[in-house]
Amino acid sequence: MLTKALRLNSIGTILVLAALIRIGAAVYWESKLGDGQSFQFGDSDGYWHLASTIGRGDSYDYNSPHARVFRTPGYPILLSPLFLVTEQPPVWAARLIGVLLGVISIFLLWLLAKKLFDDSTAVAAAWIAAFYPGAISISILVLAEALFVPLMLAQFLCWLMAFRSPKTWSWAVLSLLSGIFFGAACLTRSSWLLFVPFLLVGGLVFFGHRKRKRQLSTLAMVVPGCVLVMFPWWVRNYEVTGRFVLTSLQTGTSLYDGWNPEATGASNMAFAPKMKAASLKEWKSAGRPEREFEFAFNEQMKKLAFEWARENPGRVTELAWIKLKRIWSPLPNSREIGSKMVRFAIALFFLPVLLLALVGAWRVRGDGMAMAICVAPAVYFTLLHMVFVGSIRYRHPPMMTLLILAAAVLAAWVGRKSCNGDGLSRQEASQTVVGESAAKK
């Protein structure tokens with residue numbers, strides 16, 4: 001009992017410390033903003049505006065009737081109650097919500113690491129996450145990643161528990177819950193939508209025959225949960241555009257941001273307002289229904305991006321390499337991140353964690369579930385943003401699951417030093433048995 005109490009104490013201490021660190025970081029960040037400046041990033045302002053439209057009962061659009069499916073509503077819905085309390089809520093309230101979400105993320109990471117490996121790995125993962133600069137920044141910058149990360153971790157936790165469940169009813173319920181969290185995550189970061197199909201393909205490679213069947217059936221049960229959550233958004237999109245839209249109508253513009261004659265690998269949306277205005281003028285002069293313009297413009301931008309890519313395959317390859325380097329650069333790409341000291345601090349923390357994670361990935365390469373949860377998100381986001389645009393912002397969510405592998409290596413090393421043996425290897429072996437037993441049932 002005492003040991004269990006101490007373990008609970010340990011995670012409680014970590015969570016309190018993590019909250020204090022994030023509050024301190026938020027104070028520091030606010031102090032660096034200029035007079036009258038609420039956000040450093042344009043996306044933050046967009047989420048804030050959309051949250052205000054929900055809270056005030058206005059039309060959900062981004063300053064235009066032709067931007068009604070501009071972003072998925074997950075994160076704005078979370079922020080919208082702030083506008084029920086006061087017409088102009090302080091941005092600090094959103095940062096405190098982010099701090100809370102960051103603490104919840106660490107707790108979910110602890111649970112996930114505990115179920116994937118062992119108690120020592122779970123505690124090590126929580127400690128690393130508490131101090132990891134990427135995890136701290138996600139919590140305080142008023143960006144959708146603050147909500148996306150705990151939803152992603154909850155999705156993985158339910159999926160793992162369903163995969164290992166020996167009872168049909170609990171397997172079905174947990175799989176459905178995983179789908180619900182998956183749907184909510186897609187409404188928060190629309191780029192997550194293709195992850196389950198990506199995982200289905202990966203499952204054919206990383207899982208043996210018995211485990212593959214279990215994994216495919218579990219992922220199939222995820223779909224109804226996802227549809228349940230996203231269906232209202234699909235209905236709403238059809239009502240405002242007359243078309244079926246899965247996530248948002250920014251895909252074409254985002255794709256053109258990555259593939260165009262002026263593309264550098266970084267995001268630069270300066271082209272968007274001018275191109276949209278010109279296209280809208282032409283659309284109106286042709287007498288076409290304005291309701292359908294947003295969808296048509298999205299398709300037009302996709303077409304332009306693909307045409308340019310087909311005509312410039314060499315540049316597309318070069319840009320993919322540039323974006324890869326931008327995503328995994330130890331130093332932040334943007335000067336907006338902070339001072340030179342902060343940038344080097346981020347690099348000094350990131351490099352050893354990444355190296356430990358790579359070692360951990362190599363050691364669990366035969367464990368399909370560990371690879372799917374800890375490694376697949378990093379591969380998925382990297383491939384995706386080698387097409388769109390690259391930034392270290394896009395590595396932060398998958399780094400949370402890579403932290404588990406880094407923690408597993410640390411826990412195994414400490415275990416050997418204390419003559420307890422290699423915990424990583426012991427846990428991997430025991431979970432192989434558990435997984436095979438569940439698959440047989």
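Buried residues make up 53% of the 441 residues in this protein, where buried means under 20% relative accessible area, exposed over 50%, and partly exposed in between, with a 1.4 Å probe and protein chains only. Before I go on: this is a predicted model, in which local features need pLDDT of at least 70 and side-chain atom pairs count only at pLDDT 80 or more, while totals for chains, interfaces and linings use all residues. Residues are numbered from 1 along each chain as its sequence is written, and side-chain values use heavy atoms, with hydrogens and water left out.

On to the fold. You'll see 19 helices and zero strands; these are DSSP runs numbered from the N terminus, H or I of at least four residues for helices and E of at least two for strands.

Now the inside. The largest nonpolar core has 130 residues; a core here is a set of buried Ala, Val, Leu, Ile, Met, Phe, Trp, Tyr and Cys residues joined through side-chain atoms within 4.5 Å. Helix 8, residues 145–164, gives the most to this core, with 13 residues. Leu 112 is one of the five members that touch the most others. Contact means heavy atoms within 4.5 Å, and beyond four places in sequence Leu 112 has contacts that include Phe 156, Leu 160 and Ile 373.

Next, the charges. How many salt bridges does a search of the whole structure find? There are eight, each being a side-chain nitrogen of Lys or Arg within 4 Å of a carboxyl oxygen of Asp or Glu. My favourite joins Glu 145 and Arg 393, at 2.9 Å from N to O. Glu 145 lies in helix 8 and Arg 393 in the loop between helix 17 (368–385) and helix 18 (396–417), so the pair ties together parts that are 248 residues apart in sequence. Glu 145 is buried at 4% relative accessible area, and Arg 393 also counts as buried, at 16%. Both belong to a network of salt bridges with Asp 43, Arg 71 and Arg 189.

For a local pair, look at Lys 302 and Glu 299, which meet at 3.1 Å, N to O. These two are three residues apart in helix 14 (residues 293–311), so about one helical turn separates them. Lys 302 is partly exposed at 23%, and Glu 299 is partly exposed at 33%.

Last stop, Leu 20, which sits in helix 1. Is Leu 20 buried or exposed? With 55% relative accessibility, Leu 20 counts as exposed. Thanks, everyone!
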